[in-house]
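Work through the exercises below with the sequence and coordinates at hand. Each task is followed by a stepwise solution.

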Amino acid sequence: METAEILRHPPAGMDIGALHELRIGWLERSPGQVVALASDYPAGYLVPLHQHGRSQLLHALSGVVTVATSEGRWMVPPEHALWIPAGVPHSVEMLGAVMMRSLYVVADAIAGLPERCRVVGMTELMRSLIVEAVTLPFDYESGSRAALVMALILQEIPRLPEKPLGLPFPTDPRFAELCRGFVEAPSPRARIDDWADALAMSRRTFTRAFRRETGVSLSTWRQQCCLFAALPRLARGEPVTSVAFDLGYDSVAAFTTMFKRMLGAPPRDYLREGPKIED
């Protein structure tokens, strides 16, 4: 069986790790500016640190994915995708069973492709294009329907809206330790003054240093971390009420306000394509 056929239709019982290694090697040799591949993973599966010569648009049709790089962590809930530039080492963890659909793009295929990792919202058009792309032949001819679909995909990637689902981590070990502690027990009540005191800094010095380390304010970073903690649970169908109170919010309304401010929609609407969310 040829490699391309194995990637499209893996034999029953084939090891996922072996399939992944086969995919990476094949991608380096594959022609065409865009390659579309489908992959399904069981809950909790971890793809170890790796990299490839093509950029990747990673989209989960179902399930939630977290991706870790040296620059931070990114979360990819339903209706989103993660852009990973070529050559960036990254690992991928599945939160729940995941049906993944990925586009692998030559780095300079078109102007305007993102230069850094970013989570983007999926449009109806792009979602449909990806679903169609994974069914098309790899060896399509110029001017064919498959070539036109791939060309439109290239045009749409730079238009996808960026979403605040990245969690940049500081390189300074003092700041990193504080951030790791917060990730383990996120709470909206964390105060800048407390963090500054822990590092024997003034509030102003800490604020400037934290932004320099992460690129965002502590308030924004804290809210993003709370979303990281909330989204996998919401995607599994847990009630908004229990998630909000577990994260330390005084009311569901306060949690919903934060959620809507960060992601543009309340939890029920934001994950409308995922499992049913109860109030």
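**Exercise 1.** Decide whether Ser 39 is buried or exposed in this predicted model, and find which side chain its own side chain makes a polar contact with.

Solution.
- Step 1. Take the relative accessible area of Ser 39: 9%.
- Step 2. Buried means under 20%. Ser 39 is therefore buried.
- Step 3. Place the residue. Ser 39 belongs to strand β1, residues 34–41.
- Step 4. Look for polar partners. The side chains of Ser 39 and Arg 23 make a polar contact at 2.7 Å.
- Step 5. List contacts, leaving aside neighbours within four places in sequence. Ser 39 touches Arg 23, Val 98, Met 99, Met 100 and Arg 101.

**Exercise 2.** Find which residues form a nonpolar surface patch with Met 99, and classify Leu 61 by accessibility.

Solution.
- Step 1. Met 99 joins Leu 61 and Val 131 in a nonpolar patch on the surface.
- Step 2. Together these residues have about 210 Å² of accessible area.
- Step 3. Leu 61 sits in strand β3, which runs over residues 55–69.
- Step 4. Its relative accessible area is 31%, so Leu 61 is partly exposed.

**Exercise 3.** How many disulfides does the structure hold, and why is Cys 179 not in one?

Solution.
- Step 1. The count is zero.
- Step 2. The cut-off is 2.5 Å between cysteine sulfur atoms.
- Step 3. For Cys 179, the closest cysteine sulfur belongs to Cys 225, 8.1 Å away; that is too far for a bond.
- Step 4. Cys 226 is in no disulfide either: its nearest cysteine sulfur, in Cys 225, is 6.2 Å away.
- Step 5. Check burial. Cys 179 is buried at 0% relative accessibility, and Cys 226 is buried at 1%.

Conventions
Residues numbered from 1 in each chain as written. Predicted model: local features only at pLDDT ≥ 70, side-chain atom pairs only at ≥ 80, totals over all residues. Heavy atoms only, no water. Buried < 20%, exposed > 50% of the residue type's maximum accessible area, 1.4 Å probe, protein only. Helix = DSSP H or I, 4+ residues; strand = E, 2+ residues; numbered from the N terminus. Polar contact = N/O pair within 3.5 Å; in protein donor to acceptor, adjacent residues only side chain to side chain. Contact = heavy atoms within 4.5 Å. Patch = residues over 30% accessible without salt bridge, like charges linked within 9 Å, V, L, I, M, F, W, Y side chains within 5 Å. Areas by Shrake-Rupley, 256 points an atom, 1.4 Å probe, with all protein chains shown as cover. Salt bridge = Lys/Arg side-chain N within 4 Å of Asp/Glu carboxyl O.
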